Amino acid sequence: MNSNKSTWQITLAGEGGQGLQSVGEIIARCAVDEGLFATYIPNYGVEMRGGVSIAFVVISDRPIASPRFDESDIAICLSERSVPRIEPYITKETLLIYDSSLFERPVTVTEHIVGVAASEIARSQLTPRTFNMLIMGFVIGLTKFISLEHLDEALRKQFEKYYEKDPSLHELNMKAIKIGIDESRKIERTEVVF
């Protein structure tokens, strides 16, 4: 984790079926494997697939008093429709990361906004369904609070039943994550607030 920050409050929002809840759960699991404290709270819309889905993750180097929070350090937004749902948790200091290939209009809810064309990159270089892994790699590349070693282990646990059926899925997910990390290196450090 950033040496100046002991706790990270992360809000994720997107459409049901985008794999957003898996991303939140994996980030929390990795943080625990790193020896940190973490909480993960899913919040589904009216429909699990097709409705807006939100997740709240807290990562800290000290015990977490409450998994709920009002202000996000990082907000990850995967659809335009989910912006109003995530906006109450955004402050002028929040870093908003969004999939720029899924938005028709620029996002302006905070001063610190970074877009990555995750869906477009995944579609052209891998497969469209890996875009959420690419976003996760992008976040991890920016924040550096999770190692690839622990991420690899967390993915194996999270997707064990899928990997048993098709072991090549793990390699595909890891490729997407590494592409996301590479994309994060293109971001100017002045664009992020930590």
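**Exercise 1. Work out how far apart Asp152 and Arg156 sit in helix H5, and what their side chains do.**

Solution. Start with the helix: Asp152 and Arg156 are four residues apart in H5 (residues 148-158), so about one helical turn separates them. Helices here are DSSP runs of H or I with at least four residues, strands are E runs of at least two, and both are numbered from the N terminus. Next, the side chains: Asp152 and Arg156 form a salt bridge, with the closest N and O atoms 2.8 Å apart. That label takes a side-chain nitrogen of Lys or Arg within 4 Å of a carboxyl oxygen of Asp or Glu. Last, exposure: Arg156 has 45% relative accessibility, so it counts as partly exposed. The cut-offs are under 20% relative accessible area for buried, over 50% for exposed, and partly exposed in between, using a 1.4 Å probe and protein chains only.

A word on ground rules: this is a predicted model, where local features need pLDDT of at least 70 and side-chain atom pairs count only at pLDDT 80 or more, while totals for chains, interfaces and linings use all residues. Residues are numbered from 1 along each chain as its sequence is written, and side-chain values use heavy atoms, with hydrogens and water left out.

**Exercise 2. Find out which parts of the chain the Arg81 and Glu15 pair ties together.**

Solution. First the pair: the side chains of Arg81 and Glu15 meet in a salt bridge, 2.4 Å from N to O. Now place each partner: Arg81 is in the loop between strand E4 (74-77) and helix H2 (83-86), and Glu15 is in strand E1 (residues 7-15), so the bridge ties together parts 66 residues apart in sequence. Then check accessibility: Arg81 is partly exposed at 47%, whereas Glu15 is buried at 18%. For the wider count, a search of the whole structure turns up seven salt bridges. Another of them joins Glu183 and Lys186 at 2.8 Å, N to O; here Glu183 is buried at 17% and Lys186 is exposed at 58%.

**Exercise 3. Describe the largest nonpolar core and the surroundings of Met133.**

Solution. Begin with the term: a nonpolar core is a set of buried Ala, Val, Leu, Ile, Met, Phe, Trp, Tyr and Cys residues joined through side-chain atoms within 4.5 Å. The largest one has 48 residues, and those touching the most other members are Ile10, Ile26, Ile59, Met133, Met136, Leu151 and Leu155. Helix H4 (residues 131-143) supplies the largest share of this core, nine residues. Apart from this core lies another, of 16 residues, including Ile54, Phe56, Ile86 and Tyr98. Now zoom in on Met133: not counting residues up to four places away in sequence, Met133 touches Val23, Ile26, Leu155, Phe159, Asn173, Ala176 and Ile177. Contact means heavy atoms within 4.5 Å.

**Exercise 4. Place Met174 and Val116, and list what they touch.**

Solution. Met174 is in helix H7 and is buried, at 8% relative accessible area. Leaving out residues up to four places away in sequence, Met174 touches Leu148, Asp152 and Leu155. The C-alpha atoms of Met174 and Leu155 are 8.7 Å apart, with their positions 19 residues apart along the chain. Val116 belongs to strand E6 (residues 112-116) and is buried at 2%. Setting aside neighbours within four places in sequence, Val116 has contacts that include Tyr98, Ile121, Leu134, Phe138 and Glu183.

**Exercise 5. Sketch the largest pocket from its volume and lining.**

Solution. The volume is about 400 Å³. Lining residues number 16, with Arg129, Asn132, Phe159, Tyr162 and Asn173 nearest the pocket centre. H4, helix H6 (160-165) and helix H7 (168-184) are the elements giving two or more residues to this lining. As for the method, on a 1 Å grid over the protein atoms alone, a pocket is an open set of points where a 1.4 Å probe fits, with protein on both sides within 12 Å along at least five of seven lines, and lining residues have an atom within 4 Å of a point. Points are joined across faces, edges and corners, and the volume is the space filled by probe spheres set on them.

**Exercise 6. Say what stands out about phi of Lys144, and where Lys144 lies.**

Solution. Phi of Lys144 is near 60 degrees, a positive value in a residue other than glycine. Most residues other than glycine have a negative phi. Lys144 lies in the loop between H4 and H5, and at 56% relative accessibility Lys144 counts as exposed.
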